[in-house]
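Dear colleague,

Please find below the structure I am handing over to you. My notes on what was found in it follow.

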Amino acid sequence: MTQAIELQSVTRRFRNDNALEDVTLAVPDGAICGLLGRNGAGKTTVMSLISGQDRPTTGRVLVDGDDPFENEAVLSSISFVRDNQRYPDDYFLHHVLSIAPAFAPHWDGELAAELVEGFRLPRKPAIRKFSRGQLSAVAIVLGLASRAPVTLLDEPYLGLDATARGLFHDLLLRDLGRHPRTLLLSTHLIDESDSLFDHVVLMDRGRVVLRAEAEEARRVAMCVSGVADAVQAFCADYPVLRSHSIGGLRTSTVTGRLDDDARSRAATLGVQLKGASLQDLAVAYGSGDSLQDSSKEGISA
Ligand SMILES: Nc1ncnc2c1ncn2[C@@H]1O[C@H](COP(=O)(O)OP(=O)(O)OP(=O)(O)O)[C@@H](O)[C@H]1O
C-alpha cells in the first residue's frame, strides 16, 4: 500500500521541551485518518510538519515520498487550514473565495458555493467579525473545495452547530467518494466522527500510543463495569488502561479482545462488558495512568 504521509522517528523540540518524541506514523493513500489526543498531545505540530510549515528537529517527514519543506511540487498537493487561521482585517468572504484558487490547483468553485450556502455563511460582515462556528465553516470550505490530494483538517468542528456538522460529514463523504484523496483530521469530538475514520493515530504527550486501522482499533480493548470486586477479578487477566470508581461501582478499560472467553468470564462474575470505542480508548490513554502500560503492552500496530 502506498503511503501518502509518513513520519519516521520524528522529534520536534521547542527550547527544552519535546512537542513530539520519536513519532512514527503512516497514512495510506486515500485513507481518512483520525488524529486523536488530548490538548497539547502534538496533533497540530504533526500537521505543521506535514504541510512544510515547520521542520522536525530529528527524523523524516515524507508526503508522497518527498520532504514537503520548501518543496513547491509537494506543497501544491497539500491543503492545511489551521483551527486558528487568520485573515486580513478587511477581508470579506468573497475575498477569500476569489483568492483561494490561486493556492489550490484543484479548486472546485461549485463545491465551495454549495458549502457556503449549506453553512449559511454571510457575505457581510468582514471575516474578522465571524462567529467561532462561522470561522470553522470557512476553514472547511477552503479545506474541502481545495480538493488537495492531501488534506489536513485541524479540529474542524470548533463551534459548529449540529446541522453544520452533519452537512460537513455528508459532503465530506460524498466528495471523497467522487474524488478520492487522503484526509488527516484532528478532533476532540471522537464519538461523532468515529464512523468517518478508516485509520486512527492516537497521541499522548508527544508520542504515538496507538496507530491502527479503525476497525482493528475498535477491537483492541474492552470496557468492563460492575461491582468493584467483580470488576477487579475480571481485570486480573487483562492489562488495565484506566479505572475509575463511583461508590462501590467500578469501570475499567482493559486491552484484550471481546471474545467468547471474555464474555463467559464476565457472565460468571456478573459484570457488564462492551467493546471500547475510539472515544473510550482516547480517554483511557489520555488519563495519565495508562501511558506506561501502553508502551509495555505494545498495542500500537
Ligand atoms: N512554537 C512553539 N513553541 C513552543 N512550544 C510549542 C510550540 N508549538 C507547540 N508547542 C507545544 O507543543 C505541544 C504540542 O502542541 P500542539 O499544538 O501540537 O498540540 P495539539 O495536540 O494540537 O493540542 P490541541 O488539541 O490543544 O490543539 C504543546 O505542549 C505546545 O505547548
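Two strands are said to pair if DSSP finds at least two bridges between them. Helices (H or I, at least four residues) and strands (E, at least two) are DSSP runs, numbered from the N terminus. Please note that this is a predicted model, in which local features need pLDDT of at least 70 and side-chain atom pairs count only at pLDDT 80 or more, while totals for chains, interfaces and linings use all residues. Residues are numbered from 1 along each chain as its sequence is written.

Strand β1 (residues 3-14) pairs with β4 in the antiparallel sense over five bridges, and Q8 stands opposite R60 in β4. β1 also pairs with β2, again antiparallel, over eight bridges; here R13 stands opposite N18 in β2. In the hairpin of β1 and β2, two residues lie between the strands, and R15 takes a positive phi near 50°.

Together these strands form an open, antiparallel sheet in the order β2-β1-β4. β2 (17-28) and β4 (58-63) each have a single partner strand, so one side of each is left without a neighbour in the sheet.

The ligand is surrounded by ten residues' worth of shell that I list in part: among them are F14, A19, N39, K43 and T44 (a residue is near a molecule or strand if its C-beta atom, placed from the backbone, lies within 6 Å of it). Helix α1 gives the most to this shell, with three residues. By class, the shell has three nonpolar, six polar and one charged residues, where Ala, Val, Leu, Ile, Met, Phe, Trp, Tyr, Cys and Pro count as nonpolar, Asp, Glu, Lys and Arg as charged, and the others, Gly among them, as polar.

Yours faithfully
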